Amino acid sequence: MVLVEPIQVRRAAEAFGAAMGELCVEEVPVPVAAELAEVLARCERQVGALRRALCHRVTAAGAHRLAGERDAAGYAARLAGSSVAKARDDLALAERLEVLPEVAAAVRDGRVSAEQAKVIAPAAQADPAATGA
């Protein structure tokens, strides 16, 4: 695994935001728009997976208490800009995926969405051979 510095992620996010900010949706040909929508959906799944895993890591380490939050989900919600209920679901999924490396890898690379993982994970835990683990 490669260590990535926050500045690298910030620069990539800024470059991505600048490129997407210049995109005029109305001028994109429909076939190109469909391809871009598919690519962006995969990126969104990948970024979400990484955000969930990182929020789980910091809350499992107790960072929420150091930040003055009593509840891990409250802290994760603040980090992600989401509701506490959504953060709680995200943290539970990230924890569940820790013991399902095949499913976690599929989520991380964007082949499987969080919604799909929530359905797959219980079955994978019940029958690990089903995922190839």
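Is R51 buried, partly exposed or exposed, judged by its relative accessibility?

This opening question is taken up in Exercise 1; the model used throughout is a predicted one.

**Exercise 1. Classify R51 and describe the salt bridges that meet at D90.**

Step 1. The relative accessibility of R51 is 27%, and since buried means under 20% and exposed means over 50%, R51 counts as partly exposed.

Step 2. Turning to its partner, the side chain of R51 meets that of D90 in a salt bridge, with 3.1 Å from N to O. R51 belongs to helix α2 whereas D90 belongs to helix α5, so this pair ties together parts of the chain that are 39 residues apart in sequence.

Step 3. D90 also forms a salt bridge with K86, where the closest N and O atoms are 3.0 Å apart. K86 and D90 are both in helix α5 and, being four residues apart, are separated by about one helical turn.

Step 4. With a relative accessible area of 4%, D90 is buried, while K86, at 39% relative accessibility, counts as partly exposed.

**Exercise 2. Explain how R52 is placed with respect to charge and to its contacts.**

Step 1. Begin with the location: R52 is found in helix α2, which covers residues 30–60.

Step 2. R52 is buried and yet has no salt bridge. The nearest side chain of opposite charge is that of D90, at 4.5 Å, and because a salt bridge requires the nitrogen to be within 4 Å of the carboxyl oxygen, the pair of R52 and D90 is not counted as one.

Step 3. When neighbours within four places in sequence are left aside, the contacts of R52 are R45, D90, L93, A94, V107 and A114.

**Exercise 3. Find which helices build the largest nonpolar core and which residues touch the most other members.**

Step 1. The largest nonpolar core has 13 residues, and those that touch the most other members are L93, L97, L100, V103, V107, V112 and A117.

Step 2. At least two residues of this core come from each of α5 (84–97), α6 (101–108) and α7 (114–126).

Step 3. Another core, made of six residues, lies apart from the largest one, and its members include C55, A77, A87 and L91.

Step 4. As a general background to such groupings, nonpolar side chains tend to be buried together in soluble globular proteins.

Step 5. For one core residue in detail, look at L93, which touches R52, A114, A117 and K118 once residues up to four places away in sequence are not counted.

**Exercise 4. Compare the surroundings of Y75 and S82.**

Step 1. Y75 lies in helix α4, residues 72–80, whereas S82 is placed in the loop between α4 and α5.

Step 2. Y75 counts as buried, its relative accessibility being 13%, while S82, with 27%, counts as partly exposed.

Step 3. Setting aside neighbours within four places in sequence, Y75 is in contact with V58, T59, A63, H64, A67 and E69. Under the matching condition, S82 is in contact with A77 and A87.

Step 4. For distances through space, the C-alpha atoms of Y75 and R45 are separated by 21 Å, with their positions 30 residues apart along the chain. S82 and L97 are 15 residues apart in sequence, and from C-alpha to C-alpha they are 20 Å apart.

**Exercise 5. Describe the salt bridges of the structure beyond D90, and then the chain as a whole.**

Step 1. The structure holds six salt bridges. One of them joins the side chains of D109 and R111, at 2.8 Å from N to O, and salt bridges that share partners join R42, D109 and R111 into one network.

Step 2. The chain has seven helices and zero strands, and its C-alpha trace spans about 45 × 40 × 30 Å along the principal axes.

Step 3. Of its 133 residues, 24% count as buried, and the chain exposes about 9200 Å², of which carbon and sulfur atoms supply 60%.

Step 4. Finally, consider the charges: there are 16 positive and 18 negative ones, and their mean positions are 8 Å apart.

Methods
Residues are numbered from 1 along each chain as its sequence is written. This is a predicted model: local features need pLDDT of at least 70, side-chain atom pairs count only at pLDDT 80 or more; totals for chains, interfaces and linings use all residues. Side-chain values use heavy atoms; hydrogens and water are left out. Buried means under 20% relative accessible area, exposed over 50%, partly exposed in between (1.4 Å probe, protein chains only). Lys and Arg count as positive and Asp and Glu as negative; His and the chain ends are not counted. Contact means heavy atoms within 4.5 Å. A nonpolar core is a set of buried Ala, Val, Leu, Ile, Met, Phe, Trp, Tyr and Cys residues joined through side-chain atoms within 4.5 Å. Accessible areas come from the Shrake-Rupley method with a 1.4 Å probe; for residues, only the protein chains shown count as cover. The place of a charge is taken as NZ of Lys, CZ of Arg, CG of Asp or CD of Glu.
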